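Student: I would like to learn how to read side-chain features from a set of atoms, one kind of feature at a time. Could you give me the idea behind each, and then take me to a case?

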Amino acid sequence: MLMKEYRICMPLTVEEYKIGQLYMISKHSNEQSGGGEGVEVVRNQPDTHPQHGLGQLTEKRIYLNSKLPSWVSVFVPRVFYVTEKAWNFYPYTITEYSVSFLPKFSIRIETRFENNNGDNNNVFGDRPTPAESVSHLDILIDPIPDKHYKETEDLSRWVSEKTGRGPLVEGWRKDSTPIMCSYKRVQCSFEVYGFQGKTEDFIHRNIQDILLVGHRQAVAWTDEWHGMSLEDVREYERQIQEQTNSKLKSTQNNNTAAPRPAYSRSMSVTDERSLKKMGVKTMDMSDPSTSTLPHSTVRLNSTPE
């Protein structure tokens, strides 16, 4: 299992980002949906955690076949989705991912938000993360894939009319006011001989790109969400989810050549044979837990984000 901690600072407060995060996730999901791929929201409902109290549980299906590297596409079904479950007990969140046909694959992301510049070395309170496993990401200067670059989201050009903040300049994290940090502890595992290291590295590279793009957008879109109440952003979230689901389903319904995958507790015969050709041992997976609470480590078996 490969574990890393990412720290991403923003010129916002934790209180402001409670709204900005919800706005950014909804808008970003809508932008990424189309052509039969993207994000479908399955449920979005209140949930209670025994330790963290009242929060929100969101379950999504993420369709992303074309975004896979060729060495993964060889043994992936023509159409598949990743299931994401996210528990938002702001300022603490948990996100877990599962894939029905891939055994021994797990991703778990813990997040905590604090009003500082990323200098808390034991933010999760259980054990300090080794320095070699910590990556400080800079939303201003760290590179993102060319396909994600937009001049309107370039923070060296960004100025917020509502807050008077921006543009960011190199070294901004040292003296920016306000400043907050998004601490993310990411654990991923793919325990299949011959693919473990390559898959875990691929996952972390993509997670780093996603974190940079998402946090850049949250800042660049400040004037779109700043001043909204929690009720306002929840209504926006509901409207955008309806648009996103409609966009995704409309494209999929028109594509009769690629039916959507069915629920399965074990791998299909076709997928199992493909993996066996590659020398990968397969096994039936047990029924997932019926609890809505996150597991300490999730296995990507039955589709339960």
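Tutor: Let us begin with burial, keeping in mind that the model is predicted. Tyr23 has a relative accessibility of 7%, and because the cut-off for buried is under 20%, this residue counts as buried. Tyr236, with a relative accessible area of 17%, is buried by that criterion too.

Student: Both of those residues carry rings, which leads me to aromatic pairs. How many aromatic pairs does the structure hold?

Tutor: There are five aromatic pairs. In reading one, look at the distance between the ring centres and then at the angle between the planes: Tyr17 and Phe113, with centres 5.3 Å apart and planes at 70°, make an edge-to-face pair. This pair links distant parts of the chain, since Tyr17 belongs to helix H1 and Phe113 to strand E6, 96 residues apart.

Student: Are the two partners, Tyr17 and Phe113, buried or exposed?

Tutor: Tyr17 is buried at 2% relative accessibility, and Phe113 is buried as well, with a relative accessible area of 4%. The other geometry to recognise is shown by Tyr23 and Tyr236, whose ring centres lie 4.5 Å apart with the planes at 15°, so that this pair is stacked. Because Tyr23 is in helix H1 and Tyr236 in helix H6 (residues 230–254), the stacked pair ties together parts that are 213 residues apart in sequence.

Student: Which residues form one aromatic cluster?

Tutor: Tyr17, Tyr90 and Phe113 form one such cluster. A ring can also have a charge as its partner, and here the charged end of Lys27 sits over the ring of Trp221, at 4.2 Å from the ring centre.

Student: Now that charge has come up, how many salt bridges does the structure hold?

Tutor: The structure holds 16 salt bridges. For each one, ask how far the nitrogen is from the oxygen, then where the two partners sit; the side chains of Glu31 and Lys150, for example, meet with an N to O distance of 3.6 Å. Glu31 lies in helix H1 (residues 14–31) and Lys150 in the loop between strand E7 (134–137) and helix H3 (172–175), so this salt bridge ties together parts that are 119 residues apart in sequence. Glu31 is partly exposed at 35% relative accessibility, and Lys150 is partly exposed at 36%.

Student: What is the N to O distance between the side chains of Asp126 and Arg185?

Tutor: That salt bridge has an N to O distance of 2.9 Å. Asp126 is in the loop between strand E6 (105–114) and E7, while Arg185 is in strand E8 (residues 180–190), so the pair ties together parts that are 59 residues apart in sequence. Asp126 is partly exposed, with a relative accessible area of 45%, whereas Arg185 is buried at 3%.

Student: And where do the partners Arg173 and Asp138 lie?

Tutor: The side chains of Arg173 and Asp138 meet in a salt bridge at 3.8 Å, N to O. Arg173 lies in helix H3 and Asp138 in the loop between E7 and H3, 35 residues apart, and the pair links distant parts of the chain. Arg173 is partly exposed, with a relative accessible area of 25%, while Asp138 is buried at 6%. Salt bridges can also share partners, and in this way Glu110, Asp126, Arg127 and Arg185 are joined into one network.

Student: How should I read a polar side chain such as His49: in which strand is it found?

Tutor: His49 is found in strand E2 (residues 38–49), and it is buried, with a relative accessible area of 13%. For a polar side chain, look next for a partner atom: a polar atom of the His49 side chain lies 3.2 Å from the backbone nitrogen of His52.

Student: Last, the cysteines: how many disulfides does the structure hold?

Tutor: The number of disulfides is zero. Cys181 shows how to check this, as the nearest cysteine sulfur, that of Cys9, is 4.1 Å away, and Cys181 is in no disulfide; the cut-off between sulfur atoms is 2.5 Å. As for burial, Cys181 has a relative accessible area of 0% and is buried, and Cys188 likewise counts as buried at 0%.

Conventions. Residues numbered from 1 in each chain as written. Predicted model: local features only at pLDDT ≥ 70, side-chain atom pairs only at ≥ 80, totals over all residues. Heavy atoms only, no water. Salt bridge = Lys/Arg side-chain N within 4 Å of Asp/Glu carboxyl O. Helix = DSSP H or I, 4+ residues; strand = E, 2+ residues; numbered from the N terminus. Buried < 20%, exposed > 50% of the residue type's maximum accessible area, 1.4 Å probe, protein only. Polar contact = N/O pair within 3.5 Å; in protein donor to acceptor, adjacent residues only side chain to side chain. Phe/Tyr/Trp six-rings, centres within 6.5 Å; stacked < 30°, edge-to-face > 60°. Lys NZ or Arg CZ within 6 Å of the ring centre and 35° of its normal.
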